[in-house]
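This briefing sets out selected features of a structural model for a reader in computational chemistry. The points are grouped by topic after a short lead.

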Amino acid sequence: MIVALLLLILGAVYLFWKYPSLRKTWYWLPRKGWVVVTYHHIDTREMSDPQFPFTITPQMFEKHLLFLKQNGYTPISQEETIRTLQTGRSFVQKPVLLTFDDGHADNYTHLFPLLQKYQVPALIFLITDNIGTPGYLTWQQVQEMQKSGLVAFGSHTCSHRRLRDLPEEEIVREITQSKKVLEEKLGVPAVSFCYPFGAGSHDKHVRPHVLKAGYLLDFSTQKGINPWPWKGKKSIKRTSPIAWETLWDYHLQLTRGRNRL
Ligand SMILES: [Zn+2]
């Protein structure tokens with residue numbers, strides 16, 4: 001009996017190793033709920049370049065936007081999410097929130113025009129120490145995007161270090177100081193927080209500080225789909241498209257929370 005089970009497991013491992021396409025999650029049951037998509041760069045770099053798995057070309061990103069539209073998804077804003085969190089109600093069908101980590105300069109040059117073209121809201125997480133440094137957004141660009149009403153901004157800490165590894169007072173400073181800076185510059189409460197590298201999102205010593213600082217939404221890098229309406233009990237799961245993936249992969253990301261094992 002044990003030998004048969006062992007052979008079965010070994011056989012499955014062999015098949016997954018031999019045929020990478022089997023690692024796709026198409027055979028998982030689709031899940032309903034709130035999908036939060038993680039992006040980083042939207043830029044024109046070589047798609048197959050393994051150096052840049054987190055760079056989606058503007059052409060591909062536009063295909064993502066059209067895919068959402070054609071398949072009945074509703075891109076929602078941070079504001080809509082908060083409203084749902086506070087009222088416990090939502091009439092939105094197939095809600096999707098598009099998030100962008102790190103605040104790269106291409107979010108202004110390549111992403112913003114597409115958000116305007118399709119009138120799709122987004123949430124960008126800024127590393128406050130990096131704003132205005134080479135490769136990152138400037139405050140002027142951030143403020144212009146905010147004024148459009150399409151883009152909201154959240155904190156991705158001051159310096160993008162793994163919070164879990166820092167001493168307590170540094171953790172608190174990264175969480176509270178970045179919030180203060182964003183609020184001073186943008187004139188609205190900073191209510192969203194994204195853990196650098198996802199580290200600390202499920203940590204007993206980190207998450208309570210985030211909630212205590214006054215953030216209402218905290219975003220992890222854990223893969224998956226969230227319940228909707230969102231109740232805020234845990235860190236928010238996200239799904240993360242990679243440069244060389246197809247629209248079929250995007251469909252799996254949106255319905256399974258990931259496209260492969
Ligand atoms: Zn990051």
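Phe197 is placed in the loop between strand 8 (192-194) and helix 7 (207-212). The structure is a predicted model. In it, Phe197 adopts a positive phi of about 60° although it is not a glycine. Further backbone features, the core and the helices are treated below.

**Backbone features in loops**

- Phe197 has 13 other C-beta atoms within 10 Å and is partly exposed, because the buried class begins at 20 and the exposed class ends at 12.
- Lys94, which is likewise not a glycine, has a positive phi of about 45°.
- The loop that holds Lys94 runs between helix 3 (78-87) and strand 5 (95-102).
- Lys94 is partly exposed, with 18 other C-beta atoms within 10 Å.
- The peptide bond between Trp228 and Pro229 is cis, with omega about 0°.
- Pro229 belongs to the loop between strand 9 (217-223) and strand 10 (236-238).

**Nonpolar core**

- The largest nonpolar core comprises 48 residues. Val36, Ala122, Ile124, Val151 and Phe153 are those with the most contacts inside this core.
- Strand 6 (residues 122-126) supplies the largest share of this core, namely five residues.
- Once neighbours within four places in sequence are set aside, the contacts of Phe153 are Ile124, Leu126, Val142, Gln146, Leu182 and Leu186.

**Helix 6 and its surroundings**

- Helix 6 (residues 168-186) has 19 residues, so at 1.5 Å a residue it should span 27 Å. The C-alpha atoms at its ends are 27 Å apart, in agreement with that expectation.
- Ile171, Glu174, Ile175, Ser178, Lys179 and Leu182 are the buried residues of helix 6.
- These buried residues of helix 6 pack against strand 6, strand 7, strand 8 and helix 7.
- Gly187, just after helix 6, takes a positive phi of about 70°.
- Leu182, one of the buried residues of helix 6, is also among the contacts of Phe153.

**Ser148 and its loop**

- Ser148 is found in the loop between helix 5 (139-147) and strand 7 (151-155).
- Ser148 has 12 C-beta neighbours inside 10 Å and therefore counts as exposed.
- Ser148 and Leu186 are 38 residues apart along the chain, and their C-alpha atoms are separated by 13 Å.

**Helix 1**

- Helix 1 (residues 2-18) contains 17 residues, so at 1.5 Å a residue the expected span is 24 Å. Its end C-alpha atoms are 24 Å apart, which agrees.
- The number of buried residues among the 17 of helix 1 is zero, so this helix lies largely in the open.

**Packing of helix 2 and helix 4**

- The axes of helix 2 (residues 58-70) and helix 4 (residues 106-118) come within 11 Å and cross at roughly 30°.
- Helix 2 and helix 4 are therefore roughly parallel to each other, because angles under 35 degrees fall in that class.
- The crossing of helix 2 and helix 4 is right-handed.
- On the helix 2 side, Pro58, Phe61, Glu62 and Leu65 meet His110, Leu114 and Tyr118 of helix 4.

Notes:
Residues numbered from 1 in each chain as written. Predicted model: local features only at pLDDT ≥ 70, side-chain atom pairs only at ≥ 80, totals over all residues. Core = buried A, V, L, I, M, F, W, Y, C linked by C-beta atoms within 7 Å. Helix = DSSP H or I, 4+ residues; strand = E, 2+ residues; numbered from the N terminus. Contact = placed C-beta atoms within 7 Å. Expected span 1.5 Å × (residues − 1). Axes fitted to C-alpha atoms, helices over the stretch in contact; angles between N-to-C directions. Parallel < 35°, antiparallel > 145°, perpendicular 65-115°, else oblique. Left-handed = near helix turned anticlockwise from the far one by under 90°.
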